[in-house]
Amino acid sequence: MLFLARCPGCGAVHSGWCDGCWTVLSNAPVVHRSGIVVSHEYAGVMRELIVAMKYSSARWVVPMLADVWVMRHAQVCEADVVTWVPTTPRRMRERGYDQSELIARRVARRLRVPCVGLLRRLDDHAQTGRTASERRTGARFVARRSRYERVLVIDDVVTTGATLQHSLDALRASTARTVTCAAIAATPAPEVRR
């Protein structure tokens, strides 16, 4: 049986992104979240790809997500090392992999710096489905000491920014001099009621 490669964006027969979808992803507006370098809004094709990666074992999207982040942000990111926000042990057992680690390893390879697991998660509470106040007190991390001063920490999706903030606090409490927080996508900001 012959399987045809398809564009992850539109499903057209193509090996990797078709030109149209790559252009759309490449030219999408950069999402701004306070202190976090984000590539895309967590919507449309980007949301579908991340959901497939997290909940349908679609690891094949990792290079595409990482590559588009690097293409958009490599010039503004100076790092000696890349690390990731570790998922919960329960999610790790369910999936068999940590999606943020896979992304971080690809980003590090593209940036030509080492990728090292600097964070250890101290809780087993997934952030998915939690309220903003629950997220702020949820994830807890400890960072191991390292020789790296400029750290890039990667997460897949940022919602409130609480998990990345906890990661940032842990890394700053270790030997990191500067920490850049990054995510592939950010949930749309809630609309302000007038």
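Where is the place of Thr187? Look in the segment after β7 (178-186). Keep in mind as you go that this is a predicted model. Thr187 counts as buried because its relative accessible area is 17%, and the cut-off for buried is under 20%. Who does Thr187 touch in there? Leaving aside its neighbours within four places in sequence, Thr187 is in contact with Arg33, Tyr42, Val157, Val158 and Thr159.

Now let's head for the greasy inside. The largest nonpolar core has 36 residues, and Ile50, Trp69, Val82, Val107 and Leu152 are the ones with the most contacts inside it. Several elements chip in: α1 (19-27), α2 (44-55), α3 (62-73), β3 (81-84), α5 (99-111), β6 and β7 each give at least two residues to this core. The largest share comes from α3, with seven residues. To get a feel for one member, pick Ile50: setting aside residues up to four places away in sequence, Ile50 touches Tyr42, Leu65, Asp156, Val157, Ile184 and Ala185. There is also a second, separate core, with 24 residues, including Val38, Leu119, Ala139 and Leu171.

Leu171 takes us to helix α7, where it is one of the buried residues. The others buried in α7 are Ala162, Thr163, Leu164, Ser167, Leu168 and Ala170. The helix runs over residues 162-173, which makes 12 residues. From the first C-alpha to the last, α7 reaches 17 Å, close to the 16 Å expected at 1.5 Å a residue.

Two of those α7 residues, Thr163 and Leu164, turn up again as contacts of Asp155. You'll find Asp155 in strand β6 (residues 150-158). Not counting residues up to four places away in sequence, Asp155 also touches Val85, Ser100, Ala182, Ala183 and Ile184. Here's a curious bit: Asp155 is buried and yet has no salt bridge. The nearest side chain of opposite charge is Lys54, and that is 6.7 Å away. What Asp155 does have is a polar contact, side chain to side chain, with Ser100 (3.3 Å).

Other charged residues do pair up, and the structure holds nine salt bridges. In one of them, the side chains of Arg106 and Asp67 come together at 2.8 Å, N to O. This pair links distant parts of the chain, since Arg106 is in helix α5 and Asp67 is in helix α3, 39 residues apart. Are the two partners buried or exposed? Asp67 is buried, because its relative accessible area is 15%, while Arg106 is partly exposed, with 22%.

Another long-range pair is Asp80 and Arg150, whose closest N and O atoms are 2.8 Å apart. Asp80 sits in the loop between α3 and β3 and Arg150 in strand β6, 70 residues apart. Both partners are partly exposed: Asp80 has a relative accessible area of 24%, and Arg150 comes in at 25%.

Then there is a local pair. Arg91 and Glu94 form a salt bridge (3.3 Å, N to O), and both lie in helix α4 (residues 89-95), three residues apart, about one turn of the helix. Arg91 is buried, with a relative accessible area of 15%, whereas Glu94 is partly exposed at 47%. Finally, back to Arg106 and Asp67: salt bridges that share partners join these two and Arg110 into one network.

Technical notes. Residues numbered from 1 in each chain as written. Predicted model: local features only at pLDDT ≥ 70, side-chain atom pairs only at ≥ 80, totals over all residues. Heavy atoms only, no water. Helix = DSSP H or I, 4+ residues; strand = E, 2+ residues; numbered from the N terminus. Expected span 1.5 Å × (residues − 1). Buried < 20%, exposed > 50% of the residue type's maximum accessible area, 1.4 Å probe, protein only. Lys, Arg positive; Asp, Glu negative; His and termini not counted. Salt bridge = Lys/Arg side-chain N within 4 Å of Asp/Glu carboxyl O. Polar contact = N/O pair within 3.5 Å; in protein donor to acceptor, adjacent residues only side chain to side chain. Contact = heavy atoms within 4.5 Å. Core = buried A, V, L, I, M, F, W, Y, C linked by side-chain atoms within 4.5 Å.
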